[in-house]
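Hi,

Here is the structure I promised to pass on. Have a look at it first, and then read my notes below.

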Amino acid sequence: MQPLGDSAKPPLSDGRDPEEPPMQTPPGNPLVVSHTLPELLGKDTVQVELIPEKKGLFLKHVEYEVSSKRFKCSVYRRYNDFVVFHETLLQKFPYRMVPALPPKRMLGGKSKAPRRICTRGDMTEADREFIEGRRRALKRFINLVARHPPFSEDVLLKLFLSFSGSDVQNKLKELVQGVGDEFMICKFATQAKDFLPADIQLQFAASRELIRNIYNSFYKLRDRAERIATRAVDNAADLLIFGKELSALGSDTTPLPSWAALNSSAWGNLKQALKGLSVEFALLADKAVQQGKQEENDVVEKLNLFLDLLQSYKDLCERHEKGVLHKHQRALHKYSLMKRQMMSAAVQNKEPETVEQLESRIVEQENAILTMELRNYFSLYCLHQETQLIHIYLPVTSHILGAFVNSQIQGHKEMSKVWNELKPKLNCLFVGSGNVPTSSFAP
């Protein structure tokens, strides 16, 4: 099974241009998504890295280097380029899971502060953490898009990942201008109802509830994983301070009082031993930091990736209800009002021109309602496919648990080795004993 993280080595592009039409659906129901998880993960791996600022003293904006294994190229993108790409995806694929983008600026009180131009030197730790968090979120976004079946074969993705010109935003907008959305270009759009199960509404409600529960559980898992990773880093800081304090104690130059002179040799030996222990504690701290970073990258980020996907499904369900379904209901309501007006005009024997105008408007509204109904069924068709994608992604749980277990095993193994190397060095701390005491020291 293909790994989820940076260690993934998906195959390079098979040479098929994304501008070509997608491959024909295998015989049978086109509603069925036939991809496997390794196939989805193997579509592409995209890296998003911060570009070191080289444009003068002031940090006016952040740029990213976006590198695609599939297209074998790197391009430079700003946050606003991601925004336009996101908008064009939603415009062309309103009935698909388009992951959300991270916020442009920090949320909360700081977002209301006037925009300031930062120099490299005056960036706060909060600024750096926000920029790094946004980079990670953009990386998750573009990888989910690059591995989504319809998106991965679309010209929008190819342009975003391979166009090296300076006007990528205008190029993206040109691609969707006057083209129409997926409903207008999909050959199955008007036949979507024929492929849907009879109880599609019940299935939709049940799937929505199940995925909501899965999301809630993974959200809690992510929070706990973050706390575990944070504790490892905090443990590293404590170990480092612990070692420094032992070293400071061993370096103490306060002279011994005369009444303690009898034990001067013991105190000197003890100080000499304590002074050297800071090296081992620094090594322990380094191992703890490494474990925390590994858990952040291999566990927390995988959980965030899956949560982003689940959130995009929740957003899609909301768009279905508040978008096409709501518009369909409004169109039906308007049609009902127009029919009443028609009946009223007939009863009141109004002018033929007025009746003809009403009849024409009713015909237009009937056509609009028919289109709304077709869009509603196509939206459900896409929702059914997106639900299948969610279930295809569910085995990532094994990736996440495997990464967590491996991190714990490796981290404890490396730290245990350092502790065991440290133990013999404590022998000289205990006068008259060749070993470290094993019995408990009770007050």
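Let's start with a term: a salt bridge is a side-chain nitrogen of Lys or Arg within 4 Å of a carboxyl oxygen of Asp or Glu. Side chains of opposite charge can pair when their charged atoms come close.

Before the details, some ground rules. This is a predicted model, in which local features need pLDDT of at least 70 and side-chain atom pairs count only at pLDDT 80 or more, while totals for chains, interfaces and linings use all residues. Residues are numbered from 1 along each chain as its sequence is written, and side-chain values use heavy atoms, with hydrogens and water left out.

**The chain overall**

The protein chain has twelve helices and five strands. Those are DSSP runs numbered from the N terminus (helices: H or I, at least four residues; strands: E, at least two). Of its 443 residues, 40% count as buried. Here buried means under 20% relative accessible area, exposed means over 50%, and partly exposed is in between, with a 1.4 Å probe and protein chains only. Contact means heavy atoms within 4.5 Å. Among contacts between residues at least 6 apart in sequence, 79% join residues at least 24 apart.

**Salt bridges**

How many salt bridges are there? The count comes to 18. One of them pairs K43 with E153, with the closest N and O atoms 3.9 Å apart. K43 sits in the loop between α1 (37-41) and β1 (46-50) and E153 in the loop between α4 (149-152) and α5 (155-162), so this pair ties together parts that are 110 residues apart in sequence. Both K43 and E153 are buried.

R208 also forms a salt bridge, with E321, and there the closest N and O atoms are 2.7 Å apart. R208 lies in helix α9 (residues 200-250) and E321 in helix α10, so the pair links parts 113 residues apart in sequence. E321 is partly exposed, at a relative accessible area of 37%.

R222 and D223 meet in a salt bridge too (3.1 Å, N to O). R222 is buried at 13% relative accessible area, and D223 is partly exposed at 28%. Salt bridges that share partners also join E49, E132, R135, R136, R140, E301 and D308 into one network.

**Empty space**

Now for the gaps. On a 1 Å grid over the protein atoms alone, a cavity is a set of points where a 1.4 Å probe fits but cannot get out, and a pocket is an open set with protein on both sides within 12 Å along at least five of seven lines; lining residues have an atom within 4 Å of a point. Grid points are joined across faces, edges and corners, and a volume is the space filled by probe spheres set on the points.

There are two cavities of 30 Å³ or more, and the largest has a volume of about 70 Å³. Its lining includes M97, R147, H148 and Y393.

The second largest pocket holds about 960 Å³ of space. Of the 33 residues that line this pocket, the closest to its centre are G133, R140, E226, E301 and N304. Which elements give two or more residues to its lining? They are α3, α9 and α10, and α10 gives the most, with eleven residues.

Cheers
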